[in-house]
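The following report describes a single protein chain, taking up individual residues, the nonpolar interior and the pocket in turn. Please read it alongside the coordinates.

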Amino acid sequence: MNNEQLSALGIDNKWLDPLNEVFAKYEINTPLRQAAFIGQCAHESNNFKTLEENLNYRPETLMKVWPSRFPDLAIADKYAHNPQMLANKVYAGRLGNNQENDGWNFHGRGLIQLTGRENYERCGKAIGVDLTSQPNLLVEPNYAAMSAGWFWNKTGLNALADAKDYDTMTKRINGGLIGLDDRKAKIAKALQVLG
């Protein structure tokens, strides 16, 4: 990948070295694999611009996103527009979060929104950085990209890129098919640019 290709994709050139390092480390080494990685990451990160989960929700949105946790407006209203309190509620007791404030400390960060103490620990060990004591490293391009590469590798996404199975790939990244058309469009554009 080069600066001209990044520019054609509307991605800042500060991502050139981090992406090339990830591509080399995790064998994201064909145009199809690279396009899938870039397309999925571009969707998840607002085209490589948003590296931290937005947890600033209105009460009505909380009820739609997490209906079992926010069954009525009175409960949702307590957590609306309070990202730390919300993260501690929705991520408590899951994803390895077992201490006070783990939900907030380990909310989604990086290009693919790494979430949860357990994922921060595993990813940190794999890339050689203590992410549990320095979780904000994941909003720096090199660690944001490397964490996405780690997740990509761990979940077998190269094989899905090779098969052009973007539905299954999206489910592994997102848990559902949210934004599938946008993801596919971004992958197609990246493939066109990468040749």
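## A buried aspartate

Asp102 counts as buried because its relative accessibility is 1%, under the 20% cut-off that the term requires. The model in which this value was computed is a predicted one. Asp102 belongs to helix α7, which covers residues 102–105, and its side chain forms a polar contact with the side chain of Arg117 at 2.8 Å. When residues up to four places away in sequence are not counted, Asp102 touches Asn88, Gly96, Asn97 and Arg117, so that Arg117 appears both as a contact in this wider sense and as the partner in the polar contact.

## The nonpolar interior

The largest nonpolar core has 46 residues, and those with the most contacts inside it are Trp15, Phe37, Phe48, Leu111, Trp152 and Met169. Two or more residues of this core come from each of α2 (16–25), α3, α8 (117–127), α9 (141–154), α10 (157–162), α11 and α12 (180–194). A second core, separate from it, consists of eleven residues and includes Leu62, Leu86, Ala87 and Tyr91.

Which residues does Phe48 touch, not counting residues up to four places away in sequence? The contacts of Phe48 are with Ile11, Trp15, Leu19, Ile38, Cys41, Ala42 and Leu111; Trp15 and Leu111 are also among the residues with the most contacts inside the largest core.

Ser147 is found in helix α9, one of the elements that give two or more residues to the largest core. With a relative accessible area of 2%, Ser147 is buried, and, leaving aside its neighbours within four places in sequence, Ser147 is in contact with Gly110, Leu114, Cys123 and Leu138.

## The largest pocket

The largest pocket has a volume of about 930 Å³. It is lined by 27 residues, of which Glu44, Glu53, Tyr91, Gln113 and Asn174 are the closest to its centre. The elements that give two or more residues to this lining are α3 (31–44) and α11 (166–174), and α11 gives the most, with three residues. By residue class, the lining divides into ten nonpolar, eleven polar and six charged residues.

Some of these names recur elsewhere in the model: Tyr91, listed among the residues closest to the pocket centre, is also a member of the second nonpolar core, while α3 and α11, which contribute to the pocket lining, also give residues to the largest core.

## Residues with a positive phi

Most residues other than glycine have a negative phi. Two asparagines in this model depart from that pattern: phi of Asn46 is near 55°, and phi of Asn101 is near 75°. Asn46 is found in the loop between α3 and α4 (59–65) and is partly exposed, with a relative accessible area of 48%. Asn101 is found in the loop between α6 (83–90) and α7 and, at 29% relative accessibility, likewise counts as partly exposed.

## Separations in sequence and in space

The table sets out pairs of residues by their separation along the chain and by the distance between their C-alpha atoms.

| Pair | Apart in sequence | C-alpha to C-alpha |
|---|---|---|
| Asp17 and Asn2 | 15 residues | 9.1 Å |
| Gln5 and Trp150 | 145 residues | 23 Å |
| Glu140 and Ala188 | 48 residues | 27 Å |

Is Asp17 buried or exposed? Asp17, which lies in helix α2, is exposed, because its relative accessible area is 51% and the term applies over 50%. Gln5, found in helix α1 (residues 3–8), counts as buried at 17% relative accessibility; not counting residues up to four places away in sequence, Gln5 touches Val193 and Leu194. Glu140 has its place in the loop between α8 and α9 and is partly exposed, with a relative accessible area of 35%.

Methods. Residues are numbered from 1 along each chain as its sequence is written. This is a predicted model: local features need pLDDT of at least 70, side-chain atom pairs count only at pLDDT 80 or more; totals for chains, interfaces and linings use all residues. Side-chain values use heavy atoms; hydrogens and water are left out. On a 1 Å grid over the protein atoms alone, a cavity is a set of points where a 1.4 Å probe fits but cannot get out, and a pocket is an open set with protein on both sides within 12 Å along at least five of seven lines; lining residues have an atom within 4 Å of a point. Grid points are joined across faces, edges and corners, and a volume is the space filled by probe spheres set on the points. Helices (H or I, at least four residues) and strands (E, at least two) are DSSP runs, numbered from the N terminus. Ala, Val, Leu, Ile, Met, Phe, Trp, Tyr, Cys and Pro count as nonpolar, Asp, Glu, Lys and Arg as charged, and the others, Gly among them, as polar. Buried means under 20% relative accessible area, exposed over 50%, partly exposed in between (1.4 Å probe, protein chains only). A polar contact is a pair of N or O atoms within 3.5 Å; within protein, one must be able to donate a hydrogen and the other to accept it, and residues adjacent in sequence count only if both atoms are side-chain atoms. Contact means heavy atoms within 4.5 Å. A nonpolar core is a set of buried Ala, Val, Leu, Ile, Met, Phe, Trp, Tyr and Cys residues joined through side-chain atoms within 4.5 Å.
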